[in-house]
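Thank you all for coming; I would like to walk you slowly through one structure today, going from pairs of helices to the sheet and then to a few single residues. Please keep the picture in view while I talk.

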Amino acid sequence: MPDIHPSEFGYAFAFAKTEEIIGWGAEPFRPAGAGDGELADWLTEGEKRLVAAGRLVGAPETGLNFIDDIAQAILALVNPGIVLLAQRKSGSGVRTQTVHVRGDDLVGLTRHPDGTFDLTRYADLPAAAGACAAFVGAALPPLDTEARIETDREALSALRRLAGNGQADQVVTALMQMGVGEPDARSATLALASPTAAGVASVLYCRNNVVEDTESFSAMTNAQDHTWIVFAPASLNGPMILERSSVAALTARIAVGIAARLMPPN
């Protein structure tokens, strides 16, 4: 689908009586510092762009309607059941990708540097989860070994501080004492100290366009193209897991977690 101007989304969201979109808020779809007059002009521009692109059909006199594909995408964006939110570091800022899930509709949204948006449809949940895993910079090569450490938030924070302060040997020693071999300990330390790619992939469980629960995976990929993720399997106050991962492994963990969460009780 061709790029979509933010005023087009602004018009669509105003039509749906929704101001903020989960993962984005309201700002990307409004003119900067807009008052009522500027906003009205912005929405008029959005309507004109939608009509010109063939996304809004009909006539003002008899009524304008969104084509089915856009109408379904807008419904997913304004009232999702699940949102996959992927955010990665990019220079001094952060880039964002979302996938809004509503029934069989999985609608992905990313923003270009010029402010326009790319809207992508995904065939299923694994495809959407895989896109998010790749977006946060997880390594493409499949895992050749498995490594997993269970610790707690305080201990993990201490390891991150040591790694960031250049005390790599202490971190390697501590990780080996936790049960991983030296190669994995050095790989994890490099990811903690100086990742070449870093981001967070989150699963947001929503109702009425409000987030009710969240599960997040912090991903760090080192110069060896090894990815390590950090997540809390139970709650933020419980155990923390440091685990070797990849695009395929993180995709599976996200998709399986959602399936387990949504599986009806016996």
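How are α1 and α3 oriented to each other, roughly perpendicular or roughly parallel? Before I answer, let me say that this is a predicted model, and that everything I describe should be heard with that in mind. The axes of α1 and α3 come within 11 Å and cross at roughly 75°; since angles of 65 to 115 degrees count as roughly perpendicular, the two helices are therefore roughly perpendicular to each other. The residues that meet there are Phe9, Ala12 and Phe13 from α1, and Ile74, Leu77 and Val78 from α3. Sorted by class, this contact has six nonpolar residues, with no polar and no charged ones.

Staying with α3, which spans residues 68–78, we find that its buried residues are Ile70, Ala73, Ile74, Ala76, Leu77 and Val78. Helix α1 is one of the elements that cover these buried residues, and the cover also includes the strands β2, β4, β5 and β6.

Let me step back to the whole chain for a moment. The protein chain has eight helices and eleven strands, and its C-alpha atoms fill a box of roughly 75 × 50 × 30 Å along the principal axes. Of its 266 residues, 45% count as buried. If we take the contacts between residues at least 6 apart in sequence, 58% of them join residues at least 24 apart.

Now to the sheet, which is open, has nine strands and shows antiparallel pairing, in the order β6-β5-β4-β3-β8-β9-β10-β11-β7. At its edges are β6, residues 117–121, and β7, residues 148–151, each of which pairs on one side only. From one strand to the next, the twist averages 20°.

We can follow part of that order strand by strand. Strand β4, residues 93–102, pairs with β5, residues 105–111, in the antiparallel sense over six bridges, and Val99 stands opposite Gly108 in β5. Strand β3, residues 82–90, also pairs with β4 in the antiparallel sense, over nine bridges, and here Val83 has His100 in β4 as its bridge partner. The connection between β3 and β4 is a hairpin with two residues between the strands, and Gly91 in that turn has a positive phi of about 65°. Strand β3 is also joined to β8, residues 197–207, by seven bridges, and the two run antiparallel; in this pairing Gln87 stands opposite Val200 in β8.

For a residue in an edge strand, let us look at Thr151, which has its place in β7. Is Thr151 buried or exposed? With a relative accessible area of 12%, Thr151 is buried. Leaving aside neighbours within four places in sequence, Thr151 is in contact with Leu156, Met178, Pro239 and Met240. Its C-alpha atom is also separated by 7.7 Å from that of Leu242, although the two residues are 91 residues apart along the chain.

The second helix pair I wanted to show is α4, residues 125–135, with α8, residues 247–262, which pack at an angle of about 130° with their axes 8 Å apart. That makes α4 oblique to α8, and α4 passes α8 in a right-handed crossing. On the α4 side the residues are Leu125, Pro126, Ala129, Gly130, Ala133 and Ala134, and they meet Val247, Leu250, Thr251, Ile254, Ala255 and Ile258 in α8. By class, that contact has ten nonpolar residues, two polar and no charged ones.

I will finish with two loop residues whose backbone deserves a second look. Lys17, in the loop between α1 and α2, has a positive phi of about 60° although it is not a glycine, and at 77% relative accessibility Lys17 counts as exposed. Asn208, found in the loop between β8 and β9, likewise has a positive phi, near 55°, in a residue other than glycine. Asn208 is exposed as well, with a relative accessible area of 61%.

Note on methods:
Residues numbered from 1 in each chain as written. Predicted model: local features only at pLDDT ≥ 70, side-chain atom pairs only at ≥ 80, totals over all residues. Heavy atoms only, no water. Axes fitted to C-alpha atoms, helices over the stretch in contact; angles between N-to-C directions. Helix = DSSP H or I, 4+ residues; strand = E, 2+ residues; numbered from the N terminus. Parallel < 35°, antiparallel > 145°, perpendicular 65-115°, else oblique. Left-handed = near helix turned anticlockwise from the far one by under 90°. Contact = heavy atoms within 4.5 Å. Nonpolar A, V, L, I, M, F, W, Y, C, P; charged D, E, K, R; others polar. Pairing = 2+ DSSP bridges. Buried < 20%, exposed > 50% of the residue type's maximum accessible area, 1.4 Å probe, protein only.
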